[in-house]
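Okay, thanks for making time, everyone. I'd like to walk you through the ligand site and then the other empty spaces in this one.

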Amino acid sequence: MPVVTRLKERRPSVALESTIYAFGLPYPKNVELGWKLARTIAATGAEAKTFAVIDGDLKVGLSDEELDRISRGDAAGVLKLNASDLGPAMALGMTGATTVSATMALAAGAKVRVFATGGIGGVHRGAKETFDESQDLTALARYPVAVVSAGAKAILDLGATLERLETLGVPVIGFRTTQTGFPAFYTRESGLPLALSVDDVPTLARVLRAHWRIHPNVGVLIANPIPAEHALDKAVVDEAIEVALREAAAKGVRGKGLTPFLLRRLDEHTEGRSVEANVALAENNAHLGGELAVALARMQADLDPEEKTQS
Ligand code: PSU
Ligand code: MN
């Protein structure tokens, strides 16, 4: 079969999560981002697939109406679903947005290898007392999906998050980063070490393929820093995070509500700049995710004839 036909058959896809819409960004900027990410991915030759659970049905790709409903979040009774919440939510007819962990589980089931998001969840600051660590971390150790992110959200303890990823055996690969360049979401560098950096997409695809030969069931975190022109001032971000964390502590906000609360407060404290940065980095990740999915599909198509003659 000609390569072109085969490429068409396995149209490369990029998974997208829906919690970023339901709980990460204000309405209607979240809906606009949903459209934008789909267009960005389509422009690379790949196809976006947004995951969600609606009235108990698993959705792979959302209609405009469904995206709108999910984007209304709490107000529309939308739940925040981790990987472990999926079965119950589906059996009980619930409606929920998928976090990174849930999206990874579903993407793995749908054989989608690339997933673009903003930033993953990780170890919360103060986790020593609260034990609050995102299920995204264990999902990375469990599902063979490459998550293209701007690192982990800056509201977290990034050093502890990196340590946990190491314990879990999840490779963290920078895309055009420096030696101290683990990204800090709103800013390009956290100052934390990141030994591995790759400068081009075909190399990234080769790295993934090699990783999955050895560890067929383990995910990869790709750390793609926010474009310089959209990065926020570190002092401004740090200050806003400090204030938001104090507010959360004073109000006793914990558990699933913590990340959405902090993101909302940051938006207010930075007068919308944190949301603008979030949109820009998500788009940047969608672009890289699309190119990566296309590169992986191309590599697969090139390798297949070889594999056939070998078997
Ligand atoms: N990245 C963003 N905005 C978000 C999230 C990530 O830019 O809203 C969401 C993701 O869905 C991630 C979740 O999986 O926050 C993590 O939540 P928690 O810390 O409760 O695990
Ligand atoms: Mn948590």
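**The ligand and its surroundings**

So, ligand 1 has 18 residues around it, and the ones that come nearest are Glu17, Lys80, Ser134, Asp136 and Thr259. Keep in mind as we go that this is a predicted model.

Let's look at the polar contacts. Lysine 153 has a side-chain N or O atom 2.8 Å from an oxygen atom of ligand 1. With asparagine 278, a polar side-chain atom is 3.2 Å from a ligand oxygen, and for histidine 124 that distance to an oxygen of ligand 1 is 3.3 Å. How much of the ligand does the protein cover? On its own, ligand 1 has 480 Å² of accessible area, and 96% of that is covered by the protein.

What is the shell made of? Sorted by class, you get 10 polar residues, 4 nonpolar and 4 charged. As for secondary structure, two helices, H2 (19-24) and H12 (258-269), each put at least two residues into that shell. H2 gives the most, with 3 residues.

**The pocket that holds it**

Now, which pocket does ligand 1 sit in? It's the second largest one. That pocket holds about 420 Å³ of space. Its lining runs to 29 residues, and Lys80, Gly121, Asp136, Lys153 and Thr259 are the ones nearest its centre. You'll recognise Lys153 from the 2.8 Å contact a moment ago, and Lys80, Asp136 and Thr259 from the list of residues that come nearest the ligand.

The lining of this pocket divides into 15 polar, 7 nonpolar and 7 charged residues. Helices H2, H8 (135-140) and H12 each supply at least two of the lining residues. Here again H2 gives the most, this time with 4 residues.

**The largest pocket**

Okay, moving over to the largest pocket, at a volume of about 510 Å³. It's lined by 18 residues, and nearest the centre you find Lys111, Arg113, Leu296, Ala297 and Gln300. By class, that lining comes out as 9 nonpolar, 7 charged and 2 polar residues.

Which helices build it? H10 (201-214) and H13 (273-310) each bring at least two residues to the lining. H13 has the largest share, with 5 residues.

**Two cavities**

Last bit: the enclosed spaces. The count is 2 cavities of 30 Å³ or more.

The largest cavity has a volume of about 50 Å³. Around it you have Leu16, Glu17, Ile20, Tyr21 and Leu37, then Ala116, Thr117 and Gly118, and finally Ala282 and Ala286. By class that's 7 nonpolar, 2 polar and 1 charged. H2 and H13 each provide at least two of these lining residues. Notice that Glu17 lines this cavity and is also among the residues that come nearest ligand 1.

The second largest cavity comes in at about 30 Å³. Its lining is Gly24, Leu25, Tyr186, Leu263, Ser274, Val275 and Asn278. There are no charged residues in that set, just 4 nonpolar and 3 polar. H13 has the largest share, with 3 residues. And Asn278, which lines this cavity, is the asparagine with the 3.2 Å approach to a ligand oxygen.

So if you take one element home, take H2: it gives the most to the ligand shell and also the most to the lining of the second largest pocket. That's it from me. Happy to go back to any of these.

Notes:
Residues are numbered from 1 along each chain as its sequence is written. Chains are lettered from A and ligands numbered from 1 in the order in which they are written. This is a predicted model: local features need pLDDT of at least 70, side-chain atom pairs count only at pLDDT 80 or more; totals for chains, interfaces and linings use all residues. Side-chain values use heavy atoms; hydrogens and water are left out. A residue is near a molecule or strand if one of its heavy atoms lies within 4 Å of it. A polar contact is a pair of N or O atoms within 3.5 Å; within protein, one must be able to donate a hydrogen and the other to accept it, and residues adjacent in sequence count only if both atoms are side-chain atoms. Accessible areas come from the Shrake-Rupley method with a 1.4 Å probe; for residues, only the protein chains shown count as cover. On a 1 Å grid over the protein atoms alone, a cavity is a set of points where a 1.4 Å probe fits but cannot get out, and a pocket is an open set with protein on both sides within 12 Å along at least five of seven lines; lining residues have an atom within 4 Å of a point. A molecule sits in a cavity or pocket if more than half of its atoms lie within 2 Å of its grid points. Ala, Val, Leu, Ile, Met, Phe, Trp, Tyr, Cys and Pro count as nonpolar, Asp, Glu, Lys and Arg as charged, and the others, Gly among them, as polar. Grid points are joined across faces, edges and corners, and a volume is the space filled by probe spheres set on the points.
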